[in-house]
Structure formats: C-alpha cells, structure tokens
Amino acid sequence: MNMLYKSLFAFGLAMMAVVACADSEQPVTYNNPVIDRSLPDPTVIRAQDGYFYLYATEDTHNVPIYRSDDLVKWRYMGTAFTDATRPMDMVPNGGIWAPDINFIDGKYVLYYSKSEWGGSWEAGIGVAWSNRPNGGFHDAHKLFVSKEIGIENCIDPYFMKDDDGRNYLFFGSFHDIYGVELTADGLNLMEGATPVKIAGGLIEATTIIKHDGYFYLIGSTGTCCEGANSSYRLVMTRSKNLLGPYVDRNGRSATGDNFSPLLNKSPQVYGPGHCSRFVTDDAGQTWMLYHGYQASDVNGGRKVFLDRIRWGTDGWPTVLGMRPSVEAEAPLFGDVVGIASPSAKSQEQEVIVLPTDRQGMYRLEAADDNPFTWQLISAAGRLMQSGTARRTAIVDASHMSKGMYVIRIDSPKGIQNLKVMNL
C-alpha cells in the first residue's frame, strides 16, 4: 500500500510540474536560431530588472539591443547609441564591432571595438556607460588604438575581474590576446598599466568564464565571415589565474597557440563562434549565445544561436555533440522553478517608446499587430496629439515646448502611461 501512495504522490508531482509549465507559457523546447536576423558577436547581461539584454555588432546601425526573459524569445529595444551620441573620437570611418556589456559600480558599462574592415592598424577599443540597460549610452571615449600601443588589430574587448576584485580588459584578434588592468569604475586604463600577453595569435573574440577554481578562456578561430565557407569555431584553454598561464586539455601552452575544441560547424550551421559570456537560468543550468550562418539562409547573415553548456567531470565545458543544436529543451525560468521573474506575457504585450535621432521625436513599438491608440499629454494635463496605429507609431513633439510629457497608450492589453522629456 505504501508503494501505491508513493507512486500516486510521484504522479501528482509530475502533473504539478506539467501544469506549472503550461501556466508559465514558457517554451518546453526551442529551435535555433533564437534570433532570426544578423546580429554578429552577441554579448548578454541579466540586468537589474531581471531581463536579459543582448547587444551585437552593428549590422543594425548604432549597436542593436534585444531583450528577453527566457533566452529564447527576444524583442528589439532600440540601439545603444544615436547618431548624436555615436563614438567618433577614434577611427571615425570605422564600424562599431563586438560590444561587451557589464554592470560595474552601479552603471551599465559598454566596451566596444571601432575598426575599419581589413585595416588592422585602424582599430581600437572604447567605452561608454548608461544608467539603464536598454540604451542611452553616453560619455563614449577611447581607451586605446592599435597605432598608439603597437598591437595590431585591437578589437573584441572582454571585461573580467580577478580573484582580488581588480578589473581587467582582454582584447585581440589573430595578433595575440592581451589583458590590461582598468580603474575601479572600469572607465579608464589603470595608470601605468601595460598589456600582458596571455594567448597566441590563432584566436580572437576572447570570453573568460570562472568555474570551480579555473578561468576558462574561450576564443574563436578560423574565418568568421565567408558564409558557407566560414571555418569559424570555438576553442578553449584554462588557467588557475586570470592572467595565466593558460593550457589546453593536454597541458600545452596557449601562448604557443594550443587550444582544445568546444564547438564545430554542423550541416545546419556554418561558422559558429564569438560566444557571449555564459549565463545561468533559474534552475542553475548554464547557457551560451553565439553567432553562426544558418545553412538554409546563408545570405541572412550571422544569426544568434543558443546552446546549453554542460560541465564535464574533468571540469571542462562541453556542448552536446560539439555541434549547434537544431531543437533542444528550453532554459527554465520563473514559475517553472518557483522563482519570481519578469513574465513573458508582459514582454509580449507592452508598447515601448524608442528614441529616434531627431530630438523630440519618439517611436512607439508594439509587440503584436493589434491596434492601439495613443495620446500625447502635457504636464498640465492638456491633450496635445493623438492617433491610432498598428505595430509602430511616430509621435513628433519636436516643435513643442520643453518639459515633461506623458504618452498614454490604450491597447487590448491595457493602459500604459509613459513619461518622456522634451529637451
């Protein structure tokens, strides 16, 4: 009889788990790519509001930002910069590549590369910061450029703290990987600091993960950007100390260009590489985002893929089959594991306000095609403008007096009041 009760109890728990999954509206499985557009070199952070924010090389001008609460469904949130705030103090004709987002000293700090394609000496790294993760980055300034420090192709920044809490920036692309110390706020080089070589010249796109007493340096080797002919892939090495020495699985030195494989191409994905820092779901599982060419849409650019990281008994990270997944079990968040997190439903329903390059002009962006009405109301409560739209609306307050306004949005999902400042 006891066995019967135990069986019924186990069945009840299983049914509760199923109901929890259904109520949460979280996907049970997902399909790659998780973002079906060109967003090379993704970087991701779980911000203070609980959402994940992803930034990428500017195939979308001024560095695109996407938001998610489950790592699977992503929503465009605008750009890190505008034409007015775009970094111009180094490599003026260069593109903004391979950003790296961090939360340092109460600020969202964004490191970025500025480089001309094929111009390995016309390359450098800068930094900007914002009080919020969904844009508004400012005070963009140069940290260094290749010509100034005598290191070719200074791109692909990555921020990491050592065991003593000191800040370091790692960088380099096929001309050795270096680390250099930063100030406590992460916004400048430490006075007198000089770059230290930690790995050889066969890799780029450094990511460093701390796990069980080791620092795992993950890089990308091969050709990144040749579509079906791309040979890009992820490799790794590790060390007990942040600045090395790093060695591969066979104990060979990373400064001698020895690395162990982590992720290779598959028939469905060409050139997988340039991964984000690892992130953890609410069930404690480890995940990695990276870019790759979808074989069925090679001309669509380098899209964003997601895969789970498993830690081997020897401590090294692994990806199942060493290949990108096509369909896999989804990350677990929120109600599924009994932890409060932003609801997917709220992300899908809200209308957001995005800035434009014109002062006083705002873009309203809905998550679906349901019609919504909007009103622009002054601080005194006076109705200034109104309209009805689907998906996107433009509110032009550029000709109005300075001050605070409220954009009131009425949609099938409810009413929102969004404050904007007309400066």
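**Figure 1. Strand β30 and the lining of the largest pocket.** In this predicted model, β30 gives the most to the lining of the largest pocket, supplying five residues. The pocket has a volume of about 870 Å³, and 35 residues line it. If you are looking for its centre, start from R132, V353, L354, P355 and Y362, which lie nearest to that point. Besides β30 (414–422), the elements that give two or more residues to this lining are β5 (75–79), β24 (352–355) and β25 (361–365). Sorted by class, the lining of the largest pocket holds 17 nonpolar, twelve polar and six charged residues.

**Figure 2. Strand β25 paired with β28.** One of the strands from the pocket view, β25, appears here with a partner: β25 and β28 pair in the antiparallel sense, with five bridges between them. To find your bearings along the pair, look for E365, which stands opposite T392 in β28. The two faces of β28 (residues 392–396) are worth a second look. A393 and V395 make up the covered face of the strand, while T392, I394 and D396 make up the uncovered one. T392 therefore belongs to the uncovered face of β28, and T392 is also the residue that E365 stands opposite.

**Figure 3. The largest cavity and its lining.** How many cavities of 30 Å³ or more does a search of the whole structure find? There are two, and this view shows the largest cavity, which holds about 100 Å³ of space. Its lining counts 16 residues, and P99, D100, Y158, H274 and C275 are the ones nearest the centre. One of these, C275, is buried, with a relative accessible area of 3%. Two strands, β6 (95–104) and β14 (204–211), each supply at least two residues of the lining. By class, the lining of the largest cavity is made up of seven nonpolar, five polar and four charged residues.

**Figure 4. The open sheet that includes β14.** Strand β14, met in the cavity view, belongs to an open sheet of four antiparallel strands in the order β14-β15-β16-β17. The edges of this sheet are β14 and β17, each of which pairs on one side only. From one strand to the next, the twist averages 35°. Close up, β14 and strand β15 (residues 214–221) run antiparallel and are joined by six bridges. A handy marker for this pairing is K210, whose bridge partner in β15 is F215.

**Figure 5. The open sheet from β10 to β13.** A second view of an open sheet shows four strands in the order β10-β11-β12-β13, with antiparallel pairing. Why is one side of β10 and of β13 left without a neighbour in the sheet? The strands β10 (158–161) and β13 (196–199) stand at the edges and have a single partner strand each, so one side of each has no neighbour there. The twist in this sheet averages 35° from one strand to the next. Strand β12 (residues 177–181) runs antiparallel to β13, and three bridges join them. Within that pair, I177 stands opposite A199 in β13.

**Figure 6. T255 and I177.** Stay with I177 for a moment and look across to T255, which lies in the loop between β16 (233–239) and β17 (260–263). Along the chain, T255 and I177 are 78 residues apart, while their C-alpha atoms are separated by 8.6 Å. Is T255 buried or partly exposed? With a relative accessibility of 38%, T255 counts as partly exposed.

**Figure 7. The disulfide of C224 and C225.** A search of the whole structure finds one disulfide, and this view brings you to it. The bond is formed by C224 and C225, with their sulfur atoms 2.0 Å apart. Its torsion about the S-S bond is about -80°, so the disulfide is left-handed. What is the relative accessible area of C224? The value is 16%, and C224 is buried because buried means under 20%. C225 is partly exposed, with a relative accessible area of 26%. For another cysteine in the structure, turn to C154, which is buried with a relative accessible area of 0%.

Notes
Residues are numbered from 1 along each chain as its sequence is written. This is a predicted model: local features need pLDDT of at least 70, side-chain atom pairs count only at pLDDT 80 or more; totals for chains, interfaces and linings use all residues. Side-chain values use heavy atoms; hydrogens and water are left out. Two strands pair if DSSP finds at least two bridges between them. Axes are lines fitted to C-alpha atoms, for helices over the stretch in contact, and angles run from 0 to 180 degrees between N-to-C directions. On a 1 Å grid over the protein atoms alone, a cavity is a set of points where a 1.4 Å probe fits but cannot get out, and a pocket is an open set with protein on both sides within 12 Å along at least five of seven lines; lining residues have an atom within 4 Å of a point. Grid points are joined across faces, edges and corners, and a volume is the space filled by probe spheres set on the points. Ala, Val, Leu, Ile, Met, Phe, Trp, Tyr, Cys and Pro count as nonpolar, Asp, Glu, Lys and Arg as charged, and the others, Gly among them, as polar. A disulfide is a pair of cysteine sulfur atoms within 2.5 Å. Buried means under 20% relative accessible area, exposed over 50%, partly exposed in between (1.4 Å probe, protein chains only).
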